[in-house]
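Me: Hey, I've just opened this one and don't know my way around yet. Can you walk me through it?

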Amino acid sequence: KAKFCDVIFHVEGKDLYAHRNVLAAFSPYFDATFKFVKMIDHVNINNCRYELFHQFLDYIYTGTVTIQKTTVAEMMKLANQFMLSKLKSYCEEFLERNLSIYNCYHTKAIADDNSLTTLSKMVECFIFAHINDVIEQHEILEFTDHRIESFIGNKTVPLTEEMKLGLLVRWVKHDMTTRHMRMFSLLRHI
């Protein structure tokens with residue numbers, strides 16, 4: 001147990017101890033929470049891995065963080081949830097620096113989910129500039145029905161009819177048992 005800690009985070013059955021004043025000084029969310037709920041001393045953190053939340057708390061205490069491809073989406077979610085704009089900026093910069101044809105759709109989804117309009121537009125421009133390479137990547141085959149329909153139906157995406165048809169056939173073949181019924185409704189976009 002850490003010295004003088006006055007709040008305990010419960011994450012995946014483990015405890016992390018912290019200081020309310022440090023959290024409040026770093027995060028507007030914690031500041032407001034601790035002002036209005038004076039007796040809060042135990043906080044359950046759901047839908048977050050212990051190691052990641054530990055890194056998040058370390059960032060609050062030290063101001064340094066190591067962002068990785070495997071954790072950037074979750075770290076961005078925590079930065080948004082607890083209103084840490086600097087951490088959100090670090091995550092956004094990481095996504096910009098690591099943008100490639102292999103992760104552009106995932107990066108766009110993170111940008112859209114976190115209201116990062118500048119990054120979202122930048123990724124969209126990247127996708128359009130590299131469309132021939134991007135549509136050949138495995139990532140697009142994992143799109144949901146709605147997402148593939150939105151993509152091939154978007155008039156601003158520079159796809160020829162042949163490219164759309166080839167992509168649609170590859171997408172359906174990737175999961176034939178569940179996607180074959182959607183083929184005809186998606187063909188109207190071609």
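Reply: Sure, we can go through the sheet, the core and a pair of helices. Just keep in mind that this is a predicted model.

Me: Okay, the sheet: what order do the strands come in?

Reply: The order is S2-S1-S3, in an open sheet of three strands with mixed pairing. S2 and S3 (42-45) are the edge strands, each pairing on one side only. On average, neighbouring strands are turned by 25° against each other, ignoring direction.

Me: And how many bridges join S1 to S2?

Reply: Five, between S1 (residues 7-11) and S2 (residues 14-18), and these two strands run antiparallel. For example, Ile8 has Tyr17 of S2 as its bridge partner, and His10 is bridged to Asp15.

Me: What about the turn, which residue takes a positive phi there?

Reply: That's Glu12, with a phi near 50°. The hairpin of S1 and S2 has two residues between the strands.

Me: Which helix lies across that sheet?

Reply: H3 does: it lies across S1, S2 and S3, and runs at about 5° to S2.

Me: Switching to the core, then. How many residues are in the largest nonpolar one?

Reply: There are 61 residues in it, and Phe9, Phe53 and Phe151 have the most contacts inside. The helix that gives the most to this core is H3 (residues 50-62), with seven residues.

Me: What does Phe9 touch?

Reply: Not counting neighbours within four places in sequence, its contacts include Phe30, Val43, Ile45, Phe53 and Leu57. Phe9 is also in contact with Lys14, Asp15 and Leu16, as well as Ala18 and Leu23.

Me: New topic: how do H9 and H10 pack, parallel or antiparallel?

Reply: Helix H9 (residues 145-153) and helix H10 (residues 161-174) pack at an angle of about 170°, with axes 11 Å apart. Angles over 145 degrees count as roughly antiparallel, so that is what H9 and H10 are to each other.

Me: Which residues make that contact?

Reply: From H9 you have Asp145, Ile148, Phe151 and Ile152, and from H10 there are Lys164, Leu167, Leu168 and Trp171. Phe151 came up earlier too, as one of the residues with the most contacts inside the core.

Me: And how do they divide into nonpolar, polar and charged?

Reply: In the contact of H9 with H10, six are nonpolar and two are charged, with no polar ones.

Key:
Residues numbered from 1 in each chain as written. Predicted model: local features only at pLDDT ≥ 70, side-chain atom pairs only at ≥ 80, totals over all residues. Heavy atoms only, no water. Core = buried A, V, L, I, M, F, W, Y, C linked by side-chain atoms within 4.5 Å. Buried < 20%, exposed > 50% of the residue type's maximum accessible area, 1.4 Å probe, protein only. Helix = DSSP H or I, 4+ residues; strand = E, 2+ residues; numbered from the N terminus. Contact = heavy atoms within 4.5 Å. Axes fitted to C-alpha atoms, helices over the stretch in contact; angles between N-to-C directions. Parallel < 35°, antiparallel > 145°, perpendicular 65-115°, else oblique. Nonpolar A, V, L, I, M, F, W, Y, C, P; charged D, E, K, R; others polar. Pairing = 2+ DSSP bridges.
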